[in-house]
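Student: Hey, can you walk me through this structure? I'd like to get a feel for how the pieces fit together.

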Amino acid sequence: MPVPYKITVENTGEATCYEGERVLAALERAQGFGRLKNLPRKLPVGCRRGGCGVCRARVLSGEYRTDPMSRSHVSEADEAAGLVLSCAIYALGDLSLRLEPPQPNKPDKQALI
């Protein structure tokens, strides 16, 4: 049975994320069940590649692993400072996040690392 982790979104609510599940999938599920009522924007269902940047978040605490992220939305320096795309991270334990505004620039299809 997969291990559940608690994902706390600052000033918004909590989601349950299972081992091996993308954090965005857990946030989408919690959003659908009404557990994330104060989200600053609706999270997209089905996104997993980082092209839109809507799921940008700052990890405030906890450990995670990442898939490649769009550099149009998260630079290497941003990532080193804990800014991620929640569609490209997997919780390794409980996480605390703050949703960040999407970057104003247009995504570049060549920007995926």
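Tutor: Sure, we'll go through the sheet, a helix, a loop residue and some charged pairs.

Student: Anything I should know before we start?

Tutor: This is a predicted model, where local features need pLDDT of at least 70 and side-chain atom pairs count only at pLDDT 80 or more, while totals for chains, interfaces and linings use all residues. Residues are numbered from 1 along each chain as its sequence is written, and side-chain values use heavy atoms, with hydrogens and water left out.

Student: Cool. What order do the strands of the open sheet come in?

Tutor: The order is β2-β1-β7-β3-β5, an open sheet of 5 strands with mixed pairing. Strands here are DSSP runs (E, at least two residues), helices are runs of H or I with at least four residues, and both are numbered from the N terminus. Two strands pair if DSSP finds at least two bridges between them.

Student: And which strands stand at the edges?

Tutor: β2 and β5 (83-85) do; each has a single partner strand, so one side of each is left without a neighbour in the sheet. On average, neighbouring strands are turned by 40° against each other, direction ignored. For angles, axes are lines fitted to C-alpha atoms (for helices, over the stretch in contact), and the angles run from 0 to 180 degrees between N-to-C directions.

Student: In what sense do β3 and β7 pair?

Tutor: Antiparallel, over 4 bridges, with β3 covering residues 56-61. One bridge joins A57 to L99 in β7.

Student: What does α1 touch on the sheet?

Tutor: α1 packs on the sheet and touches β1, β2 and β7, and its direction makes about 130° with that of β2. Contact means heavy atoms within 4.5 Å.

Student: Is that helix largely enclosed or left open?

Tutor: Largely enclosed, because 8 of the 10 residues of α1 (residues 23-32) are buried. Buried means under 20% relative accessible area, exposed means over 50%, and partly exposed is in between (1.4 Å probe, protein chains only). Among the buried ones are L24, L27 and E28. Their cover includes β1 (4-9), β2 (13-18), β6 (89-91) and β7 (95-99).

Student: New topic: where does D94 lie?

Tutor: D94 is in the loop between β6 and β7, and it counts as partly exposed at 48% relative accessibility. Leaving out residues up to four places away in sequence, D94 touches Y5, K6, S61, G62 and E63. A polar atom of the D94 side chain lies 2.8 Å from the backbone nitrogen of K6.

Student: How far apart are D94 and I7?

Tutor: They're 87 residues apart in sequence but 5.8 Å apart in space, C-alpha to C-alpha.

Student: OK, how many salt bridges does the structure hold?

Tutor: It holds 7. A salt bridge is a side-chain nitrogen of Lys or Arg within 4 Å of a carboxyl oxygen of Asp or Glu. R29 and E21 make one of them, at 2.6 Å, N to O. R29 is partly exposed, at 29%, whereas E21 is buried, at 16%.

Student: Which residue does R22 meet in a salt bridge?

Tutor: D67, at 3.3 Å, N to O. R22 sits in the loop between β2 and α1 and D67 in the loop between β4 (64-66) and α2 (76-80), so the pair ties together parts that are 45 residues apart in sequence.

Student: What about R58, which residue is its salt-bridge partner?

Tutor: That's E100, with the closest N and O atoms 3.4 Å apart. R58 is in strand β3 and E100 in the segment after β7, 42 residues apart. E10, R58, R98 and E100 are linked in a salt-bridge network.

Note on methods
Polar contact = N/O pair within 3.5 Å; in protein donor to acceptor, adjacent residues only side chain to side chain.
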